[in-house]
Amino acid sequence: MSVNESSFLSALNLEPTSKPPIWLMRQAGRYLPEYQIIRKNYKNFLDMCKEPITCAELALQPIERYELDASILFSDILTVPDAFNLGLYFAEGEGPRFQNPISSKKHVDDLNKFDVNDLSYVFKTVEETKKILPHNLPLIGFCGSPWTLVAYSIEGSGSKTFHKTKKFMIENEASILKLLEVYTNACFEYLKQQVMSGVNALQIFDSWADLLDASQLRKFSFSYTQKLIDLLKHDEITKDIPLIVFEKNPILPFSDNPFKNIQCLSLHFTENLKNSRDKLLNKYAIQGNLDPKILLLSEKEIITEVRKICNTMQDYPGYVFNLGHGITPDINPENIKLMIKAIRD
Ligand code: 1CP
C-alpha cells in the first residue's frame with residue numbers, strides 16, 4: 001500500500017474508510033514517559049527541536065506505542081517568530097517565552113527579512129522522520145496561523161488575558177496588519193519547504209482564535225489564514241497537499257466554514273459534532289473532537305464518550321478521529337490505549 005492509499009489521506013479525500021483513521025493533537029509529548037527520558041537530556045526545549053534525529057525519534061514514539069494512522073512533525077509553531085529574532089526560549093515549567101517580544105510600530109518596521117533557511121533544522125527533521133516512519137504512514141506538517149503567531153509575538157508568552165496584545169491591537173492596528181502579512185508570507189515559505197522535504201498533509205493551528213470578537217476574528221485571523229491557504233493552493237508544489245485547519249473555540253461557529261479550498265476542519269471540543277456533521281457532509285472531511293478531559297475519567301466513561309462520537313460519525317465519508325485539542329501532560333497513556341481500542345473494536 002502506498003502512502004496515498006493510507007486511511008488518513010483517503011479520509012481527507014472524502015473516501016469512505018472501514019474504520020476512522022486516528023491521530024491525536026500533541027501525540028508526541030510530555031504525557032509519554034519515553035518522551036520524558038529524552039527530554040531530560042536538554043535544558044531548553046528549543047535545543048531539542050534543533051536536533052533532527054532526536055525529533056524524528058520523538059515523532060515515532062506514539063506511532064510505535066499506539067499504531068496511529070498518521071504522524072506529525074515534531075517541532076513547535078513558534079519556530080517561525082523565532083526566525084524573526086524574537087528570542088524564543090522555554091523556561092522550565094513555564095511554557096514558551098520571547099526575550100524580545102514585538103513592542104512597537106518601529107519593531108515591526110525593523111524586523112529582519114525572513115530567511116526560510118534559518119529553519120533548515122525543521123526540514124531536516126521532516127527528512128529524518130520520513131526515513132524511520134513506516135513507508136505508508138503519512139506525515140503531517142504544520143504551522144501556527146498568522147494570528148496565533150502574532151498574539152504570541154506581542155504578548156511574549158501564553159497568557160489568560162492577552163492584555164498587551166489587545167492593547168497593541170487598538171493602538172497600532174496598522175502594525176498588526178503589517179505583521180500578519182509578514183507572517184503569512186513566512187508561513188507559506190515554511191510550509192512549502194516542509195512539503196518539499198516530504199510531508200503529506202498540512203495543518204494550520206489557530207490556537208488563539210478565542211481571543212477575538214466576531215469582526216476581529218474575520219479581520220485578523222480568518223482573512224490571513226485564507227491568504228495563506230490561497231498561496232498554498234496557487235503554488236505548483238503545494239496545491240495538491242490536503243489542508244486541515246484547527247480553530248480553537250472561535251466565537252463564530254467553525255462548522256459554517258469560513259475558508260475556501262481547505263479539505264478538513266479540525267473541530268475544537270466545544271463544537272457540536274452532530275450539527276457540524278450535517279452541515280459539512282460530502283463537502284469537507286472532519287477531524288475531532290473528543291474533549292481531552294474525558295481521558296482523565298474512568299474506563300467506562302471514556303468508552304461511552306468514544307462510542308457517542310463514533311456513532312455520530314458512522315458512515316461519514318472523510319472522518320478522522322482526533323481530540324478537540326491537544327493531549328495534556330496529566331493524561332495516563334493507558335487511557336489512550338483504551339480509547340483507541342474502543343474506536344477500532
Ligand atoms: O517542555 C517541553 O517538553 C515542551 C512541551 C512542548 C511540546 C512537546 C511544547 C512547548 N511544544 C511541543 C511540541 C509541539 N507543539 C508539537 C509537536 C508534537 C505533537 O503534536 O505530537 C505541535 C504540533 C505543537 C504545536 C503548538 N505549540 C501549538 C498548537 C497546538 C495547540 O495545542 O493549540 C501551540 C499553541 C504551541 C505553543 C506551545 N509550545 C509548547 C507549549 C507548552 C505550548 C503551549 C503554551 C500555551 O498554552 O501558551
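## Exercises on a predicted model

Asn289 lies in strand S8, which covers residues 285-290. The model is predicted.

**Exercise 1. Examine the backbone at two asparagines, Asn289 and Asn85.**

Solution.
- Step 1. Start with Asn289, a residue of strand S8. The peptide bond leading from Gly288 into Asn289 is cis. Its omega is near -20°.
- Step 2. Go to Asn85. This residue is not a glycine, yet its phi is positive, at about 60°.
- Step 3. Place Asn85 in the fold. It sits in the loop that links helix H5 (79-82) to strand S2 (88-91).

**Exercise 2. Describe the overall build of the protein chain, and decide how its radius of gyration compares with the globule rule.**

Solution.
- Step 1. Count the elements. The chain holds 14 helices and 9 strands.
- Step 2. Compare the radius of gyration with the rule. The chain gives 19 Å, and the globule rule gives 20 Å for 345 residues. The two values are close, so the chain is as compact as a globular protein of that length.
- Step 3. Add the extents. The C-alpha trace spans about 60 × 45 × 40 Å along its principal axes.

**Exercise 3. Work out how helix H8 packs against helix H9, and which residues make the contact.**

Solution.
- Step 1. Locate the helices. H8 runs over residues 146-155 and H9 over residues 163-171.
- Step 2. Take the geometry. The axes are 8 Å apart and the packing angle is about 105°.
- Step 3. Classify the angle. Angles of 65 to 115 degrees count as roughly perpendicular. H8 is therefore roughly perpendicular to H9.
- Step 4. List the contact residues. H8 contributes Ala151, Ile154 and Glu155. H9 contributes Lys164, Thr165 and Phe168.
- Step 5. Sort them by class. The contact has 3 nonpolar, 1 polar and 2 charged residues.

**Exercise 4. Find the stretches that UniProt lists for the URO-D domain, and state their secondary structure.**

Solution.
- Step 1. Read the record. An unreviewed UniProt entry lists residues 21-30 and 140-156 for "domain: Uroporphyrinogen decarboxylase (URO-D)".
- Step 2. Check residues 21-30. This stretch is 0% helix and 0% strand. Its end C-alpha atoms are 23 Å apart.
- Step 3. Check residues 140-156. Here the chain is 59% helix and 29% strand. The end C-alpha atoms are 27 Å apart.

**Exercise 5. Characterise the shell of residues around the ligand.**

Solution.
- Step 1. Count the residues. There are 22 around the ligand.
- Step 2. Pick out those that come nearest. They are Ala28, Gly29, Gly158, Ser207 and Gly326.
- Step 3. Divide the shell by class. It has 11 nonpolar, 6 polar and 5 charged residues.

Definitions and conventions: Residues numbered from 1 in each chain as written. Predicted model: local features only at pLDDT ≥ 70, side-chain atom pairs only at ≥ 80, totals over all residues. Axes fitted to C-alpha atoms, helices over the stretch in contact; angles between N-to-C directions. Helix = DSSP H or I, 4+ residues; strand = E, 2+ residues; numbered from the N terminus. Parallel < 35°, antiparallel > 145°, perpendicular 65-115°, else oblique. Contact = placed C-beta atoms within 7 Å. Nonpolar A, V, L, I, M, F, W, Y, C, P; charged D, E, K, R; others polar. UniProt positions renumbered as here; feature names shortened; annotations may be inferred. Near = placed C-beta within 6 Å. Rg over C-alpha atoms; globule rule 2.2 N^0.38 Å.
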